[in-house]
There are 2 protein chains.
Amino acid sequence: MSDDYSVSKQNKVRQLREKAVYDRKTVHAILDSAMIAHVAFVEDGHPVVVPMLYGRDGETLFLHGARKARVIRLLKGTGTACLNVTHVDGLVYARSAFNSSMNYRSATVFGSARLVEGSDEKLRALRIISECTMPGRWDELRAPLANEVKMTGVIALEIESASAKVATGMPEDEDDDYAIPIWAGVLPLESKFTTLQSDDRLIDGVEPSDVVRSMEKKIL
Amino acid sequence: MSDDYSVSKQNKVRQLREKAVYDRKTVHAILDSAMIAHVAFVEDGHPVVVPMLYGRDGETLFLHGARKARVIRLLKGTGTACLNVTHVDGLVYARSAFNSSMNYRSATVFGSARLVEGSDEKLRALRIISECTMPGRWDELRAPLANEVKMTGVIALEIESASAKVATGMPEDEDDDYAIPIWAGVLPLESKFTTLQSDDRLIDGVEPSDVVRSMEKKIL
């Protein structure tokens, strides 16, 4: 498998091309460090976008929702689905409004969507989603009930093409503007887990496991 | 104007209806506290989703991009556009995989999109976007050049319908599962600005203004 996604009309980055990245490693890293993806589909000719939980296994993304959810039905019927994951990493204060911007990591994926059927494949997909969101938790929990699996709709999206766009660092101003006596720089934005809060209905003496505790203070 | 968006087929929340909110105040607050929105459009029959900077003025959202950007061209030609803003507020560790979830604030907006034309209306829209992203900064900066305004494409999206979905608090487990001796609770996720980093090319002695400084440590 090539290190890069091939560039086609579908995934070609048109604006700020110097920030475009097509290598799988970068795209995967962005996908793996976020909690939700925004998934677009078409309903009666109109565009709709929905935030969804997801997990990645190689070049397959798994998305889930209620079995009867509109998004599951529509993704199943859609040809190519499109999904974006974006982290905003900070505000870029330039010396003009025109050059002011943000630092970010963004990945866009195009792929065909299919409904995951069969209890075994569904369970595997649900485990992958769980591991990507709450690593290590799946094995601590009771096994899913047959009815719970049945009530869950799972979509597999095979990545056919993808691109990333990454903006980092300081503002790039017009040559003349560097003479303006105004502050310029970056204000980083950090997404960070804080500290665990226990449910009131915990059984006495039950503590969070090490895998759960290890998520505290984690930065996305 | 009614306090709530009226509920139609378009904006009706179908899943987890108990978390649905249709009041303008909640929708506006979610829109106002995020940095980017995910905007969906249809290209050659296929769904596409793009993250965009935006600003709100009453029931109008302004989006901008390069004048020639695909998204500007397509939004201009689209009938109804759809936009979603979601904050993930934490992981909800339940006593089963099925009830594990996230806390979040999500707003979805549907509206008609039109290209903003004319330098004055464009300038006004750009100012609104700037104020929503970097409050107070616009007035510190030199005036935009005619060519900069010309090169920028601005879309106005009039909110026709909208909904919010808000999930907070502790897991809701199956009655039987409360007897399982496993930790359950919430791990909050916080998005927070950290500290200003100055550009290397600052003029000696230039400091950030109070409006810029006031963004430090701000939580979204």
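The points below concern a predicted model and take up its confidence, its fold, the contact between chains A and B, and one helix of chain B.

1. Confidence. The model scores ipTM 0.92 and pTM 0.92, and within chain A the mean pLDDT is 92, with 98% of the residues at 70 or more. Confidence in chain A is lowest in helix α2 (residues 70-77), where the mean is 72, and highest in strand β9 (residues 197-198), at 98, and details of helix α2 of chain A should be read with that mean of 72 in mind.

2. Fold of chain A. The chain holds 5 helices and 9 strands, which follow one another from the N terminus in the order β-α-β-β-β-α-β-β-α-α-β-β-β-α. The C-alpha trace of chain A spans about 65 × 50 × 35 Å along its principal axes, and 41% of its 220 residues count as buried. Among the contacts in chain A with a separation of 6 or more, 73% are between residues 24 or more positions apart.

3. Relation of the two chains. A turn of 180° with a shift of 0.0 Å along the axis lays chain B on chain A with an RMSD of 0.0 Å, which is the relation of a two-fold axis. In chain B, the C-alpha nearest this axis belongs to S191(B), at 2.2 Å from it. Both copies use the same surface, in that 100% of the contact residues of chain B recur in chain A.

4. The contact surface. Contact between the chains involves 79 residues of chain B and 79 residues of chain A. On the side of chain B that touches chain A, at least two residues come from each of β2 (36-43), β3 (46-57), β4 (60-66), β5 (80-93), β6 (101-115), α3 (119-133), β8 (185-193) and β9 (197-198). By class, that side of chain B is made up of 46 nonpolar, 20 polar and 13 charged residues.

5. Strand pairing across the chains. Strand β8 (residues 185-193) of chain A pairs with β8(B) in the antiparallel sense, over 5 bridges, and K192(A) has E190(B) as its bridge partner in β8(B).

6. Helix α3 of chain B. The 15 residues of α3(B) should span 21 Å at 1.5 Å a residue, and the C-alpha atoms at its ends are indeed 21 Å apart, so the expected and modelled spans agree. Its buried residues are K122(B), A125(B), L126(B), I128(B), I129(B), S130(B) and C132(B), and these buried residues of α3(B) pack against α1 (24-32), β3, β4, α4 (146-151) and β7 (152-167) of chain B.

Methods. Residues numbered from 1 in each chain as written. Chains lettered and ligands numbered in written order. Predicted model: local features only at pLDDT ≥ 70, side-chain atom pairs only at ≥ 80, totals over all residues. Contact = placed C-beta atoms within 7 Å. Helix = DSSP H or I, 4+ residues; strand = E, 2+ residues; numbered from the N terminus. Nonpolar A, V, L, I, M, F, W, Y, C, P; charged D, E, K, R; others polar. Pairing = 2+ DSSP bridges. Expected span 1.5 Å × (residues − 1). Buried ≥ 20, exposed ≤ 12 C-beta atoms within 10 Å, placed from the backbone. Least-squares fit on C-alpha atoms with pLDDT ≥ 70 in both. pLDDT = per-residue confidence, 0-100.
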